[in-house]
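Dear colleague,

I am passing on the structure we spoke about, together with some notes on what turned up in it. Please have it open beside you as you read.

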Amino acid sequence: MEIVYVYTRKRSEFGRPCSFSDRPAKVNVDIPPDPSMAGSFVLRNPVDSYVQHASDMSEHEVNTERVEVESRGVNHVEGGWPKDINPQEVEQTIRFRKKVEKDENYVNTIVHLGTLMEHCVKQNNAINIYEEYFGEEETAEVEDEPPSAKTINVISKLTSFFDVLLSKRDPNVTKRTATHLSWHPDTCKKLAVAYSSLEFQQNVKDMSFDSYIWDLENPNKPELVLKPSSPLVSLEYNPKDSHVLVGGCYNGQMAYWDTRKGGLPVEVSTVEVSHRDPVYGAIWLQSKTGTECFSASTDGQVLWWDIRKLSEPTESLVLDITRKGLLENALGAVTLEFEPTMPTKFMVGTEQGIVIACNRKAKTPPEKITSTYSGHIGPVYALARNPFYPKIFLTVGDWTARIWSEETKESSIMWTKYHLSYLTDGCWSTVRPAVFFTTRSDGTLDVWDFLFKQNDPSLSLKVCNEPLASLRLQDNGCVVGCGSKLGTVTLLEISSALCTLQRNEKTLVTAMFERETKREKILESRHREMRLKERARSEGQETVVEERLVENPEEVLSRTRREFFEVIEAELQRRTRAETQCLHGKVPGTARTRDRGRDSPPWGGGQGSASAFQVKDHAGDEAAAQGEESQLPKEEEEEEKDVA
C-alpha cells in the first residue's frame, strides 16, 4: 500500500522566503525503556560497519582527426620598388630615391613619423624593458649557499625542489659489487648498473650473472634484467641509440643488448678473439653508424669493435710502452678515457700507475703510443678529461687524485692530500670546470672545488658503511650516482652552489691551470739540467777511472812505493817533534787538548753547535789518526826487514 500525504498551501505563499526564529528545545517523543526486552539483547564486541561511497565513473574513447604538418618557406627579397625599377641596379635605385625625396607628400610623411619615432627613442632610452633587475641578487644567493647534499629516504620522482637519496641493493642473496654505472642518454630517469664480484677466487657457485636497468620512478624492482654469459664489469649506453647497450664481461667477452628485444644479448664475441682478462673499460666511438666501440682489459690490449659484427675485432693495440708490440711486456689497463671532441686520441690508465696517451690514426703500432704519465703508486682507477679544458685530465689512484696537463709529462700540476683510505673512483663536474668528485674505500664521497678550497674537499659525505666502488654524474651535473662493494646504488642530488657556474669561474680556472702548468715546466727544466750535470759528472769520473786502469803497472808500483816512504818520513818527523815537546814539559797540555777533542769539539762547548757534517768529519780524522798509529809498528818492521 502506498502512503501519500498531500500538502496544501495558498498560491500567494509560493516563493516566500523562510522566516526562522529562535525557540527553546522541546521533547516531541519520549520512549521509556522496556525491561522485558533486556533478555533479547545480544552484546557484540567489536561492532564493525562498512560504508563505501564512490562516484560512478565512465570511460569514453574518441578518435581524433590526424593533424598533418607541412613545412613551408618564404623567400624574402627587397621590395617596394616599381616594376620598371631593378633593385640590383644601383643607378636606377639612386635616381628613383632622388625623385621620391622631392615629392611634398614624402617630406610631410617623414616629418610626421619622425615625431613619433623620436618619442619612442626617448622612451627606450629612459626605460629598458629588457633589463634584468634581480639577476645579481640571485647569483649572490647561490654563491652564499654552503655546499651540501641533503638526503631523504622516500622518492617518487626526481625534481629540482628536493634533495633525493635513492638507495637499493643488489636483489640477489650473494651481494656483488656495482662496478659500473651508466645514465640513460635521453632522460635522467633510468640507470644501467653492472654487477660483478672482482675479488679473486671469491665467486660462489650459485652466484648470479645478472645486471639491471633501474627506473628511478619505480625503484622497487628493475625495469629490465640483463642476462650475460659472464658477469658484467662495464656497461655503457649508446649515446646515439638509447635502446642499445654494450658491456664488457668478466671472462673478456664483449656483448651488446637491445632493450626492445629483451634481456638476452643480441650478439656476443667469441672467446678466441676476445680479451683474456676482465674488460674494465668499454666506450662508444663517434661514428656515422653509431655502432663502433672499443674496449680495454688487464691483458694489455685495446680492441676496437663493430657491434654489427662481433665475430672479430676491427683493430687492436698492445699497450707495450717499450714500443716493441710484445704482449708479455704490455701493461694491464684498468680504466679507459675517450673525449668525443678529440676523435683520434684516447687515454688508458694501467695497473702499474702509468697513464698512456694514444693516437689511433698513427701509421704504425709503436707510433700509436704517443706519451706516458707516471704519478701513482698503485692502479689508476679513474681517468677523465676536463669537459671545458680537454688538455687537462684527472687521475685517481692510491691515496690521491691528481690533475695533469698534456704539456707536462713528468709530474702533475695539482694534487690532493694523501687520504687515510684508498681512493676508488672520480669524475669531473659537467657544469663547473673547477669541481670534481672522488669516492673512497671508507664509503665517503668527496666534492672538491679548488677555487674555494685546495687542501680539503668542499663537501665530504658519508654515503654508506661499505667501500664505494663506482661513480657517475648526470649530464645536468646535479645528480651523482655511487655504487658500493655490496651492490648498493645511491643517488645524491647536490646543492645548487656546486652545480651552478659561478661568476668569472672559467677565467679564474684558466689562469690557475696556466700558472700551475708554467710552474711545472720551470721545475721540469731545472730538474733536467740537474740530471744532465749529474750525468756529465759521472761520465767524467768514469773517464778518470778508465785512464787510471790504462796506466803501466811499473808506474803504479813506483808511485805506490814513493807514497809509502813519504808517509814513513812524515811519521818519523812527527815522533821527533813529540819527543822534543816531552823534553820541554808540554806533555800534559797535549793530553788535555787530546782529551777535550775526544770528549767534545773545542768550538762547541758540548752544546751541539756543530753541524752533523762537521761532527762526521772530525770523527773521521780521529779514526784516521788511530789507524796510522796502529799501522806504524808494522811499517817500521817492514822497513827494518828491507834495510837488513
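The notes below begin with the whole chain and then turn to a few individual residues.

Please keep in mind that this is a predicted model, and that every value below was computed from it. The protein chain has 644 residues, of which 35% are buried, and its secondary structure comes to eight helices and 28 strands. If we take the contacts in the chain with a separation of 6 or more, 50% of them join residues that are 24 or more positions apart. The chain exposes about 43600 Å², and carbon and sulfur atoms supply 53% of that area.

The residue I looked at with most care is Ser-234, which is found in strand E6, a strand covering residues 232-237. Ser-234 has a relative accessible area of 1%, and because anything under 20% is called buried, this serine counts as buried. Leaving aside residues up to four places away in sequence, Ser-234 touches several others, among them His-180, Ala-194, Val-246 and Tyr-280. Val-279 is also one of the residues it touches, and the backbone oxygen of Val-279 lies 3.3 Å from a polar atom of the Ser-234 side chain. Ser-182 is 52 residues from Ser-234 in sequence, yet their C-alpha atoms are 9.1 Å apart in space.

Finally, a word on cysteines: the structure holds zero disulfides. Cys-293 is buried, at 1% relative accessibility, whereas Cys-582 is partly exposed, with a relative accessible area of 44%.

With best wishes

Note on methods. Residues numbered from 1 in each chain as written. Predicted model: local features only at pLDDT ≥ 70, side-chain atom pairs only at ≥ 80, totals over all residues. Heavy atoms only, no water. Disulfide = S-S within 2.5 Å. Buried < 20%, exposed > 50% of the residue type's maximum accessible area, 1.4 Å probe, protein only. Helix = DSSP H or I, 4+ residues; strand = E, 2+ residues; numbered from the N terminus. Contact = heavy atoms within 4.5 Å. Polar contact = N/O pair within 3.5 Å; in protein donor to acceptor, adjacent residues only side chain to side chain. Areas by Shrake-Rupley, 256 points an atom, 1.4 Å probe, with all protein chains shown as cover.
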